[in-house]
Amino acid sequence: MVQKLKLEELNRIDVETFKKVEKIPLVIILDNIRSMHNVGAAFRTADAFLIEKIILCGITPQPPHREIHKAALGATESVDWSHEAETNTAIADLKSKGYEIIGIEQTTDSQLITDFTIDRSKKYALILGNEVEGISDEVLPNIDVFLEIPQLGTKHSLNVSVCAGIVMWEFAKALK
């Protein structure tokens with residue numbers, strides 16, 4: 001008979017070990033995300049895939065906060081993060097460190113994520129935008145590549161935390 005594994009049977013690493021483990025060369029930039037639940041979910045997913053860092057920009061809520069913690073389940077303690085008032089400042093810093101900046105957005109120049117080749121020799125930063133407005137207009141000119149997730153139904157977008165999970169997984173698979 002199949003049984004679910006107990007938490008202690010999952011053999012997960014502790015926070016101290018997580019901090020020392022080599023991370024996937026991927027940074028997540030949250031550009032003016034409103035929902036604390038979406039922020040917490042991004043942290044939890046970043047922990048699951050050994051993402052290097054999350055940068056919270058603009059009005060994006062910051063830990064510690066009870067509502068972020070509800071979704072993050074402690075991942076705000078394991079995943080490195082910082083806050084930057086202006087998203088373009090974070091982008092400039094990452095570009096100076098050799099990161100390719102990828103906007104997750106439907107644009108006139110976007111390509112399907114399934115058609116994009118992830119290069120294992122590169123470092124990437126993925127920008128996810130506001131739940132209603134998407135990536136800030138003033139940020140668009142500073143993005144190297146735009147990717148979108150194929151959608152086959154009637155809706156034109158995904159929840160930002162769902163989108164974050166999909167793109168983090170796609171990059172984590174290719175970069176690990």
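This briefing walks through the cores, salt bridges, surface and backbone details of the structure above. Keep in mind that this is a predicted model. The inside is built around a nonpolar core of 36 residues, the largest one here, and a second, separate core has 15 residues. Nine salt bridges turn up as well, and a nonpolar patch of about 200 Å² sits on the surface.

**The nonpolar cores**

- As a bit of background, nonpolar side chains in soluble globular proteins tend to be buried together.
- In the largest core, the residues that touch the most other members are Ile-28, Leu-30, Ile-54, Leu-128 and Phe-171.
- Plenty of elements chip in to this core: strands S1 (24–31), S2, S4 (99–104), S6 (123–129) and S7 each supply at least two residues, and so do helices H2 (36–48), H3 and H6.
- The top contributor is H6, which gives eight residues to this core.
- The second core stands apart from that one, and its 15 residues include Ala-90, Leu-94, Ala-125 and Phe-146.
- If you want one residue to click on, try Phe-171: leaving aside residues up to four places away in sequence, Phe-171 touches Leu-26, Ile-113, Phe-116, Ile-118, Tyr-124, Leu-126 and Leu-147.

**Salt bridges**

- Asp-144 and Lys-95 pair up through their side chains, with 3.3 Å from N to O.
- Asp-144 sits in the loop between S6 and S7 while Lys-95 is in helix H5 (residues 87–96), so this bridge ties together parts that are 49 residues apart in sequence.
- Both ends of that bridge are partly exposed: Asp-144 has a relative accessibility of 41%, and Lys-95 comes in at 35%.
- Glu-100 and Lys-122 make another side-chain salt bridge, this one at 3.0 Å from N to O.
- That pair also links distant parts of the chain, since Glu-100 belongs to strand S4 and Lys-122 to the loop between strand S5 (111–112) and S6, 22 residues apart.
- The two partners fall into separate exposure classes: Glu-100 counts as buried because its relative accessibility is 14%, under the 20% cut-off, whereas Lys-122, at 35%, counts as partly exposed.
- Glu-170 bridges to Lys-173, and their closest N and O atoms are 3.3 Å apart.
- This one stays inside a single element: Glu-170 and Lys-173 are both in helix H6, three residues apart, or about one turn of the helix.
- Glu-170 is partly exposed at 28% relative accessible area, and Lys-173 is partly exposed too, at 38%.
- Arg-66, Glu-67 and Lys-70 form one network, joined by salt bridges that share partners.

**On the surface around the start of H6**

- Leu-158, Val-162 and Ile-166 make up the nonpolar surface patch of about 200 Å².
- Val-162 is part of helix H6 (residues 160–175), and its 43% relative accessibility makes it partly exposed.
- Ser-157 is found in the loop between strand S7 (145–148) and H6, and this residue is partly exposed as well, with a relative accessible area of 43%.
- Ser-157 and Thr-76 are separated by 81 residues in sequence, and their C-alpha atoms are 26 Å apart in space.

**Backbone details to look at**

- Pro-63 and Pro-64 are joined by a cis peptide bond, with omega at about -5°.
- Pro-64 lies in the loop between strand S2 (51–57) and helix H3 (66–72).
- Asn-11 is not a glycine, yet its phi is positive, at about 55°.
- You'll find Asn-11 in the segment before helix H1 (15–20), and at 66% relative accessible area Asn-11 is exposed.
- Leu-73 is another non-glycine residue with a positive phi, near 50°.
- Leu-73 sits in the loop between H3 and helix H4 (75–78).
- Why does Leu-73 count as exposed? Its relative accessible area is 54%, and the cut-off for exposed is over 50%.

Methods:
Residues are numbered from 1 along each chain as its sequence is written. This is a predicted model: local features need pLDDT of at least 70, side-chain atom pairs count only at pLDDT 80 or more; totals for chains, interfaces and linings use all residues. Side-chain values use heavy atoms; hydrogens and water are left out. Patches are made of residues with over 30% relative accessible area and no salt bridge: like charges are joined within 9 Å, nonpolar side chains (Val, Leu, Ile, Met, Phe, Trp, Tyr) within 5 Å. Accessible areas come from the Shrake-Rupley method with a 1.4 Å probe; for residues, only the protein chains shown count as cover. A salt bridge is a side-chain nitrogen of Lys or Arg within 4 Å of a carboxyl oxygen of Asp or Glu. Helices (H or I, at least four residues) and strands (E, at least two) are DSSP runs, numbered from the N terminus. Buried means under 20% relative accessible area, exposed over 50%, partly exposed in between (1.4 Å probe, protein chains only). A nonpolar core is a set of buried Ala, Val, Leu, Ile, Met, Phe, Trp, Tyr and Cys residues joined through side-chain atoms within 4.5 Å. Contact means heavy atoms within 4.5 Å.
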